[in-house]
Structure formats: C-alpha cells, structure tokens
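Student: Got a minute to go through this one with me? I'd like to start with what counts as a polar contact.

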Amino acid sequence: MNIQHNEKLRDRLSAAYVLGTLKGGARRRFESQLKNSALIQREVAEWQDRLHPLAEFSPAINPPARVWQAIEQKLVLRKQSSQTSPWAFWTDLRNDLSFWRGLGLVSTTVATILVAVLTIKQPEPTAPTASFVAMLTDDKAQTAMVITGDASHHQLIARVLSRQTVAADKSLELWAVPKQGAPRSLGLVAVDGTITLPLPDNATPQSIPLLAVTLEPKGGSPDPNGPTGPIVFKGAWVQI
Amino acid sequence: MSTDDPQQLKTWLAAVAKKDTQAFRSLYDATSPKLFGFVLRILIKREWAEEVLQESFVNIWNNAASYQSHLAAPMTWMTTIVRNKAFDMLRRVDDVVEIDNDTFDKDVMDALESPDPTPIESLQMTDNAKALARCFARLEGLHQQAIALAFYHDLSHNEVAEQLKLPIGTVKTWIRRGLERLRICLTKLEGA
C-alpha cells in the first residue's frame with residue numbers, strides 16, 4: 001500500500017516504526033517506502049525527536065574509564081593529538097627496548113629469507129645483488145612491504161606484498177629513521193605493486209637502523225621536518 | 001557538564017565532523033552518562049553496554065559530518081545510533097534479557113507521578129525530554145509502561161502484551177492512542 005497520500009496511516013506507521021512495534025514484513029515494506037520519500041523521512045525524524053528523549057528517563061550512569069580508552073585506541077586519537085610534539089612517538093619507537101631486543105634475531109631471519117628469495121629470483125647471476133633489505137610489518141606483525149636497497153645503483157625498490165586500501169586523499173610515505181634526529185623522507189610508495197626510489201648515499205643500517213611507512217595527506221607530509229601521520233608499517237633496515 | 005544545552009552539543013558535533021578530538025572528548029563527557037544509563041537499561045549486562053557505548057562513539061566520530069541539525073536534535077541523533085547498536089547486540093547475543101520494571105530513574109518516576117509540574121522542571125534533562133515528560137505524565141500508568149517496554153526492549157505488540165499479561169488488542173490500542181496523545185500534547189507545547 002502506498003502510504004504517501006494517506007496522512008493518518010503514514011503518521012501511525014512512522015510512530016510504530018520509531019517506537020519499534022512495527023516488525024517483520026510490515027517494517028521492511030515501510031523501510032522501502034521510507035528510502036524514497038522525503039515526506040516519510042521527515043515524519044520519522046519528527047517521531048524520533050518526540051520519542052527518543054525517553055532515553056533520558058533512565059538513570060544516568062558514568063561509564064568506566066576503559067570505554068573512553070578503547071574509543072581512543074580504536075580511532076588512534078592519541079597519535080593525532082600528539083601533533084604538538086611530533087617526535088614523541090618516534091622517540092617511543094626508538095626507546096622501545098623489546099623492539100631493539102628482537103631486532104638482532106629478526107634481522108638474521110630476514111636476511112636469510114631474503115638471500116634465498118633474491119637468489120631464486122635473480123635472472124642473471126652476475127647482476128649486482130641488493131645490499132640492504134627491510135621487511136616492513138603492520139601492527140599485527142604481518143609483512144606488508146619489502147624494501148630492498150641497491151647501493152651500487154643508488155636505488156631503492158619498495159614492493160607491496162598485498163594491496164593496501166588507502167583513502168583517496170591520503171598517501172603512504174616511506175621514512176628513514178636515524179638513531180638520532182628527525183626521520184628523513186625517502187619518497188612516496190604505491191599502494192600496490194613495485195616502485196623505485198633513489199637511495200641516499202649514507203642510508204646504511206649503521207646510520208638508519210629502521211624504516212617506517214606513515215599515512216600522510218595526499219602528496220606526502222606537509223611538514224618539511226618529518227611525518228605528521230601515524231606509522232602503518234615498520235621494520236629493521238639490515239645489510240645482506 | 002550536562003546534556004541540557006542542545007546548542008552546545010550541536011557546536012561540538014560540528015567540530016567533531018572536522019575531526020576535533022577536544023570537542024569529541026567534551027561531547028563524550030557531556031552525553032556518555034545519559035547514553036550509558038540508557039544502553040544499560042536495554043542490555044542489563046555491563047559488559048555488553050560498554051561495548052555498545054564504545055561502538056556508538058566510534059560511529060559518532062566517523063559519521064558526525066552526516067548529522068543534519070535541521071532534521072534532528074543532537075541527542076536524538078546520538079540516541080538513534082546507540083539504540084540501533086544496542087538492539088543489534090540484543091539480536092546478536094540471542095540471549096533472553098531479564099526485563100525489570102525499574103526502567104526509569106527514580107526521580108523521573110516521582111516527577112511523572114507528581115501532580116505538581118515543578119519536579120519535572122528540575123530534572124537534569126534536555127528541554128525536549130522535559131516536554132515529553134510533561135506529556136507522558138498525562139498518560140495512564142499502564143499506557144506509559146506499554147510504550148516504555150516497546151521503546152526500551154524492542155518488543156512487538158505481542159511481547160508487550162505478554163509482559164503486561166494483557167490481551168494483545170488492548171495493548172495495541174493503548175500504544176496507538178498513547179502515541180497519538182503524545183503527539184497532540186507535544187505539538188501544543190511547541191505552539192505555546
């Protein structure tokens with residue numbers, strides 16, 4: 001039945017819809033008409049404004065602090081609000097002892113795997129092998145990107161292992177994180193496939209122990225001194 | 001801080017749409033006790049209520065830009081999100097939630113029963129909620145209960161009838177007439 005022209009029925013159904021007593025097939029039929037009718041939408045909005053204050057009749061109870069903490073964590077609000085001290089989380093990362101403790105072991109494993117991979121994939125045995133490598137992992141420790149550095153050709157190859165979903169107004173930016181001082185941009189990386197970037201001369205694991213990818217506004221960080229967005233991938237930069 | 005000022009809530013929501021974390025925190029502080037109390041009355045279990053409140057505020061942060069201030073009051077918009085999420089949770093857990101009769105705050109109950117309008121005016125709630133309370137107070141107790149049961153627990157006419165141990169026809173009529181009276185009463189108050 002078209003309720004568009006039956007004011008009384010429309011009002012009654014809108015009220016029952018908002019209250020929740022309109023159920024099953026009747027509710028679905030109403031919803032399909034609601035989608036296409038600004039008139040019914042307004043009617044529903046009016047009933048929501050009338051009835052939803054019923055929610056305020058229940059006693060107010062302060063939620064425990066962990067609810068806000070969980071929201072903050074889920075939305076990564078803290079990283080955004082730490083823009084006042086942009087180096088805070090880079091410092092945290094460097095000071096994260098467990099990260100460095102695990103580094104030695106990881107580096108060895110990464111190097112072993114990569115040597116195997118590169119040996120198999122190398123079409124000409126005489127071609128120069130990559131001299132540095134980093135496997136960047138996401139927050140779930142899944143490898144997301146492999147970066148190889150070829151010192152003799154001053155080339156850096158960033159290979160994305162699984163296509164990343166990044167909003168249209170965002171870019172992924174690769175950083176060299178030195179032991180001291182601000183991270184240095186190595187360039188933007190693609191969300192999929194392989195991209196070649198220049199490798200700076202002194203980008204050795206001795207001076208740059210870590211590579212990281214951050215989520216930045218389209219075109220890269222607007223801050224010439226470093227990243228502005230959260231770290232999405234990171235990994236140790238090692239010599240092989 | 002309280003939820004009493006819709007203009008302030010609108011300002012915060014507009015700032016949240018622009019990803020202002022400070023405004024988001026203020027909005028949370030001002031509205032979460034009311035919304036948590038509400039969701040706790042629906043779900044009874046604290047653990048579920050906490051999860052729903054968390055999901056709701058994540059949703060509010062992500063969708064604040066779609067809030068249309070000319071269509072709905074800010075509390076209405078947020079209540080819609082919280083209520084939908086709570087009902088989703090009810091369906092998901094597929095557990096029988098014990099429904100008790102203490103749905104409303106004691107002060108609200110007392111104010112609704114009082115023949116004097118002063119107690120309603122002194123309640124900590126938005127003007128919309130006070131207006132509804134004034135009109136709600138004019139309904140008979142059982143009619144109030146039928147509407148509150150349906151609203152808070154996602155019940156059908158049939159389930160409300162079972163809860164109140166009354167014939168379904170009676171419940172249907174009460175709810176329909178109750179809603180009609182609320183609309184007329186609220187329209188009058190708006191015009192006044």
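Tutor: Sure. A polar contact here is a pair of N or O atoms within 3.5 Å, and within protein one of them must be able to donate a hydrogen and the other to accept it. Keep in mind that this is a predicted model.

Student: Okay, so which atom lies 3.5 Å from a polar atom of the side chain of A:Ser58?

Tutor: That's the backbone nitrogen of B:Phe38.

Student: And where does A:Ser58 sit in its own chain?

Tutor: In a loop of chain A, the one between α3 (38-51) and α4 (65-75).

Student: Is A:Ser58 buried or exposed?

Tutor: Buried: its relative accessible area is 2%, and the cut-off for buried is under 20%.

Student: Which residues is A:Ser58 in contact with, leaving aside its neighbours within four places in sequence?

Tutor: B:Gly37, B:Phe38, B:Arg41, B:Thr103, B:Phe104, B:Asp105 and B:Tyr152.

Student: Let's zoom out to the interface. How many residues does each chain bring to the contact?

Tutor: Chain B brings 55 residues and chain A brings 37 residues. Between them the two chains bury about 4400 Å², with 69% of that on carbon and sulfur atoms.

Student: Which residues of chain B lose the most area to chain A?

Tutor: B:Gln54, B:Phe151 and B:Leu179, which together make up 12% of what the chain B side buries.

Student: What about charges? How many salt bridges are there across the interface of chain B and chain A?

Tutor: The rule finds four. One of them pairs B:Lys34 with A:Glu56, and their closest N and O atoms are 3.7 Å apart.

Student: And how many residue pairs are in polar contact between chain B and chain A?

Tutor: The count is 16, with both residues of a pair at pLDDT 80 or more.

Student: Which element gives the most to the side of chain B that touches chain A?

Tutor: α2(B), with twelve residues. By class, that side of chain B has 31 nonpolar, 14 polar and ten charged residues.

Student: Changing topic: how many disulfides turn up over all chains?

Tutor: A search of the whole structure finds one. B:Cys135 and B:Cys185 form the disulfide, and their sulfur atoms are 2.0 Å apart.

Student: Which helices does the pair link?

Tutor: B:Cys135 is in helix α7 of chain B and B:Cys185 is in helix α10 of chain B. The two cysteines are 50 residues apart, and the pair links distant parts of the chain.

Student: Is the link of B:Cys135 and B:Cys185 left-handed or right-handed?

Tutor: Left-handed, with -80° about the S-S bond. Both B:Cys135 and B:Cys185 are buried, too.

Student: Now backbone oddities. What is the phi of A:His154?

Tutor: It's positive, about 50°, although A:His154 is not a glycine. A:His154 is in the loop between β2 (143-150) and β3 (155-160) of chain A, and at 43% relative accessibility it counts as partly exposed.

Student: What about the phi of B:Lys19?

Tutor: Positive as well, about 65°, and B:Lys19 isn't a glycine either. You'll find B:Lys19 in the loop between α1 (6-17) and α2 of chain B.

Student: Why does B:Lys19 count as partly exposed?

Tutor: Because its relative accessibility is 39%, and partly exposed runs between the 20% and 50% cut-offs.

Methods
Residues are numbered from 1 along each chain as its sequence is written. Chains are lettered from A and ligands numbered from 1 in the order in which they are written. This is a predicted model: local features need pLDDT of at least 70, side-chain atom pairs count only at pLDDT 80 or more; totals for chains, interfaces and linings use all residues. Side-chain values use heavy atoms; hydrogens and water are left out. Contact means heavy atoms within 4.5 Å. Buried area is the accessible area (1.4 Å probe) that two parts lose on being put together, summed over both. A salt bridge is a side-chain nitrogen of Lys or Arg within 4 Å of a carboxyl oxygen of Asp or Glu. Helices (H or I, at least four residues) and strands (E, at least two) are DSSP runs, numbered from the N terminus. Ala, Val, Leu, Ile, Met, Phe, Trp, Tyr, Cys and Pro count as nonpolar, Asp, Glu, Lys and Arg as charged, and the others, Gly among them, as polar. A disulfide is a pair of cysteine sulfur atoms within 2.5 Å. Buried means under 20% relative accessible area, exposed over 50%, partly exposed in between (1.4 Å probe, protein chains only).
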